Amino acid sequence: MVKGIRVYEHGGPEVLKWEDVEVGEPKEGEIRVKNKAIGLNFIDVYFRKGVYKPASMPFTPGMEAVGEVVAVGSGLTGRMIGDLVAYAGNPMGAYAEEQILPADKVVPVPSSIDPIVAASIMLKGMTAQFLLRRCFKVEPGHTILVHAAAGGVGSLLCQWANALGATVIGTVSTNEKAAQAKEDGCHHVIMYKNEDFVSRVNDITSGKGVNVVYDSVGKDTFKGSLACLKSRGYMVSFGQSSGSPDPIPLSDLAPKSLFLTRPSMMHYNETRDELLECAGEVFANVTSGILKARVNHKYPLSRVADAHADLENRITSGSVVLLP
């Protein structure tokens, strides 16, 4: 038995229970991993609240971790006991001291990258990779709008897009987050609580609008985001921290021939080759200094309820890491 988090009913942070969990031994094609660091992501909140439905109840949340291989199932040649590996996405269950993982879902962590940094950047970094490089391919000369620019994914989007040669506009809620967004490569920072972001984007772009909006906020920003786009612009809705956006008629996209997508990283890393290429590009950008992981908060895994509350209340910035 090891310690982990179990959720028996959907609700607030208080439903996250710290208790003994059974891990078992790895079967064919599986490995057992002793977690060193676990990433906290907003998708964990969605599953806890029931916005997204887990396969069964009770369940152990968590979709990002870095750890050491402590047991290897039969028939595996690519992984060895002692290897340091990372995973992000499915299967859920990272909120535990140890877990069983399919060997084809993990990637080796370069020795140059600290496990805490790797855990903080794996899911968020691969999200930034597919959003900027594949969902809409950002190129020099593009102007982009990033909501929650000081958040875990937002911070990486700003850094990476700046390195790609884009003009980056970001929205934030506080002066501290504005300062961080500027450090991360945001050319224009909008304090959305004090100013209307649609009119500010209009001013910044001289009425032309942006090529793409990366919106993880949802309900509060969705319609304004559509208004910020230039003709043939891309609305990339990849989260809903303020709630699900209200439905819109298809005809709302017609006046500017807009594109609207609601992508998931899982669909962009369906094959082993896609996963390795995506993670490889993230780790390479960390090593080269293009991406700086902001591990601004660390919590013991046993206190993950506090971490969830702080994340939902927008007290955190950058990445949050849980330590078993």
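1. Buried area here is the accessible area, taken with a 1.4 Å probe, that two parts lose on being put together, summed over both. By that definition, domain 1 and domain 2 bury about 1400 Å² between them. Carbon and sulfur atoms account for 48% of this area. The model is a predicted one.

2. On the partition used: the domain assignment splits the chain into domain 1, made of 2-122 + 279-322, and domain 2, covering 136-262. Domain 1 is thus written as two segments, with domain 2 given as a single range. The contact between them draws 18 residues from domain 1 and 19 residues from domain 2.

3. On placement: the centres of domain 1 and domain 2, taken over C-alpha atoms, lie 28 Å apart.

4. On polar and charged pairing: 13 residue pairs are in polar contact between domain 1 and domain 2, counting pairs with both residues at pLDDT 80 or more. The count of salt bridges between the two domains is 2. A salt bridge also joins the side chains of Arg-294 and Asp-184, with an N to O distance of 3.0 Å.

5. Which helices each supply at least two residues of the side of domain 1 that touches domain 2? They are α1 (42-49) and α8 (272-288). The most comes from α8, which gives 3 residues to that side.

6. On composition: the side of domain 1 that touches domain 2 consists of 8 nonpolar, 6 polar and 4 charged residues.

How values were computed: Residues numbered from 1 in each chain as written. Predicted model: local features only at pLDDT ≥ 70, side-chain atom pairs only at ≥ 80, totals over all residues. Heavy atoms only, no water. Domains from an automatic or database assignment. Contact = heavy atoms within 4.5 Å. Salt bridge = Lys/Arg side-chain N within 4 Å of Asp/Glu carboxyl O. Polar contact = N/O pair within 3.5 Å; in protein donor to acceptor, adjacent residues only side chain to side chain. Helix = DSSP H or I, 4+ residues; strand = E, 2+ residues; numbered from the N terminus. Nonpolar A, V, L, I, M, F, W, Y, C, P; charged D, E, K, R; others polar.
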